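Please walk through the structure shown here with attention to how residues that are separate in sequence are placed in space.

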Amino acid sequence: MAPLSAFNQVLAEDESVNRLTDSLKLWQMICGNKILASVELILFLNKLDILDAKLRSGVRFSNYVKSYGSNPNETKPVAKYLLDAFINLHQQHTPKKRKIHPHLTCAIDTKATSSVIDRIHEVIIIKILSHSNII
Ligand SMILES: Nc1nc2c(ncn2[C@@H]2O[C@H](COP(=O)(O)OP(=O)(O)OP(=O)(O)O)[C@@H](O)[C@H]2O)c(=O)[nH]1
């Protein structure tokens, strides 16, 4: 689980570290971990509403993420850019090919979050059934 909204924040425990950079490093370590090589990963990119509020209030994403350049300072393209960054890191660092299940979430939207969790339950059940050769 990583916040989409933390691109302009630093860690409470180390103010020299940007929170987005920290999330990406942690994700890279999880993706590259050989012990987890056979595990499918579920990624929640959370706090979509806070990202939206931040961008609408005038905070410019590209001031913090230079590679974003002159792309629109809007929620959809910024969230897509972050999602792609996480997916690309997975592709670069995974020890072997596997699926990941990324979701853009707003945890306080309980209805939407509940439906995401239902979809994840389905994925897990299908995985268990296919491992047991039932399907
Ligand atoms: N608006 C909003 N609030 C959220 C969301 N997810 C969690 N929160 C709230 O954020 C606060 C901090 O929760 P978390 O982010 O889970 O905890 P944390 O990672 O230790 O906190 P931070 O250091 O603030 O990132 C709590 O009050 C949560 O209810 C979200 O998607 N949208």
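Once neighbours within four places in sequence are set aside, Val116 is in contact with His103 and Thr105 in this predicted model. Val116 belongs to helix 4, which covers residues 110–131, and it is classed as partly exposed because 18 other C-beta atoms lie within 10 Å, whereas 20 or more would be needed for a residue to count as buried. Lys99 offers another reference point along the chain, since it is 17 residues apart from Val116 in sequence and the two C-alpha atoms are separated by 17 Å.

Thr105 also appears among the contacts of Asn46, which, with neighbours within four places in sequence left aside, are Met1, Ala2, Pro3, Leu4, Thr105 and Ala107. Asn46 lies in strand 2, residues 41–46, and it is buried because 21 other C-beta atoms are found within 10 Å, where the threshold is 20 or more.

Lys47 is located in the loop between strand 2 and helix 2 (48–56). With 21 other C-beta atoms within 10 Å, Lys47 is therefore buried, and, when residues up to four places away in sequence are not counted, it touches Pro3, Leu4, Ser5 and Cys106.

Both Asn46 and Lys47 figure in an annotation from the UniProt record, an unreviewed entry, which places the feature "binding site" at Asn46, Lys47, Leu48, Asp49 and Ala107. Although these positions are spread over 62 residues of sequence, they cluster in space, with a largest C-alpha distance of 9.2 Å. One of the annotated positions, Ala107, is itself among the contacts of Asn46.

Technical notes: Residues numbered from 1 in each chain as written. Predicted model: local features only at pLDDT ≥ 70, side-chain atom pairs only at ≥ 80, totals over all residues. UniProt positions renumbered as here; feature names shortened; annotations may be inferred. Helix = DSSP H or I, 4+ residues; strand = E, 2+ residues; numbered from the N terminus. Buried ≥ 20, exposed ≤ 12 C-beta atoms within 10 Å, placed from the backbone. Contact = placed C-beta atoms within 7 Å.
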